[in-house]
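Here's a quick briefing to read with the model open beside you. Let's start with the cysteines and then move on to a helix and the sheet.

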Amino acid sequence: MSPPAIRRLGRDDAAAFRDLRLTALRDHPDAFGAAFEEESACPIERFAERLEGGFVLGGGESGRLDGMAGVYVPKDLKARHKAHLWGIYVRPEARGTGLAQALILGCVEYARSVAEEVILGVATDNQAAVARYRSMGFEECGFEQRALKTGGRYYDEVLMAIRFV
């Protein structure tokens with residue numbers, strides 16, 4: 001089986017990206033730093049601008065956007081050596097197809113071209129994600145207690161990185 005097709009999303013993908021992003025935030029509030037309540041109130045133009053000004057990959061079958069992952073590189077002089085992997089999500093029906101791995105690898109390759117390392121944060125109780133990142137070459141580099149709070153509960157995060165230099 002060939003790996004799923006992925007591509008860089010652009011302004012024209014804003015509606016599908018918004019739908020997928022809001023699904024991810026609603027269904028997994030503990031996995032993302034953004035809140036459904038805030039992002040669902042944002043106009044479609046904000047999602048279009050995020051795609052146009054950033055780097056977000058997406059993929060899926062039959063033209064449907066089933067998964068996404070993005071890379072953010074700070075503009076600040078002292079922090080631009082670190083690319084941040086964010087917003088990784090694949091719809092349940094598309095899991096197990098290799099889409100998540102293709103998206104992450106695509107983001108890592110982009111990050112390699114613009115930064116010295118790529119980092120991410122993942123909830124410590126999401127052991128499947130921690131294991132996936134480890135298997136892809138990410139190494140634990142830090143820990144943040146109470147990184148997120150949602151639904152009255154705190155979530156710790158492990159920080160993971162791949163260093164290119």
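There are zero disulfides in this structure. Keep in mind that we're looking at a predicted model. Beyond the cysteines, the points below cover helix 4 and an open sheet of seven strands.

**Cysteines**
- Why is cysteine 141 not in a disulfide? The closest cysteine sulfur belongs to cysteine 107 and sits 17 Å away, which is too far for a bond, given that a disulfide needs the two sulfurs within 2.5 Å.
- Cysteine 141 is partly exposed, at 37% relative accessible area.
- Cysteine 42 has 11% relative accessibility, so it counts as buried.

**Helix 4**
- This helix covers residues 99-114, 16 residues in total.
- From first C-alpha to last it reaches 23 Å, close to the expected 22 Å.
- Its buried residues include Cys107, along with Leu99, Leu103, Ile104 and Val108.
- Ala100, Ala102, Gly106 and Ala111 are also among the buried residues of helix 4.

**The sheet**
- The strand order is 1-2-3-4-5-7-6, with mixed pairing.
- Strand 1 (6-8) and strand 6 (139-150) are the edge strands; each has a single partner, so one side of each has no neighbour in the sheet.
- On average, neighbouring strands here are turned by 25° against each other, ignoring direction.
- How do strand 6 and strand 7 run, parallel or antiparallel? They run antiparallel, with eight bridges joining strand 6 to strand 7 (residues 153-163).
- Glutamate 144 has glutamate 157, in strand 7, as its bridge partner.

Definitions and conventions: Residues are numbered from 1 along each chain as its sequence is written. This is a predicted model: local features need pLDDT of at least 70, side-chain atom pairs count only at pLDDT 80 or more; totals for chains, interfaces and linings use all residues. Side-chain values use heavy atoms; hydrogens and water are left out. Buried means under 20% relative accessible area, exposed over 50%, partly exposed in between (1.4 Å probe, protein chains only). Helices (H or I, at least four residues) and strands (E, at least two) are DSSP runs, numbered from the N terminus. The expected span of a helix is 1.5 Å times one less than its number of residues. Two strands pair if DSSP finds at least two bridges between them. Axes are lines fitted to C-alpha atoms, for helices over the stretch in contact, and angles run from 0 to 180 degrees between N-to-C directions.
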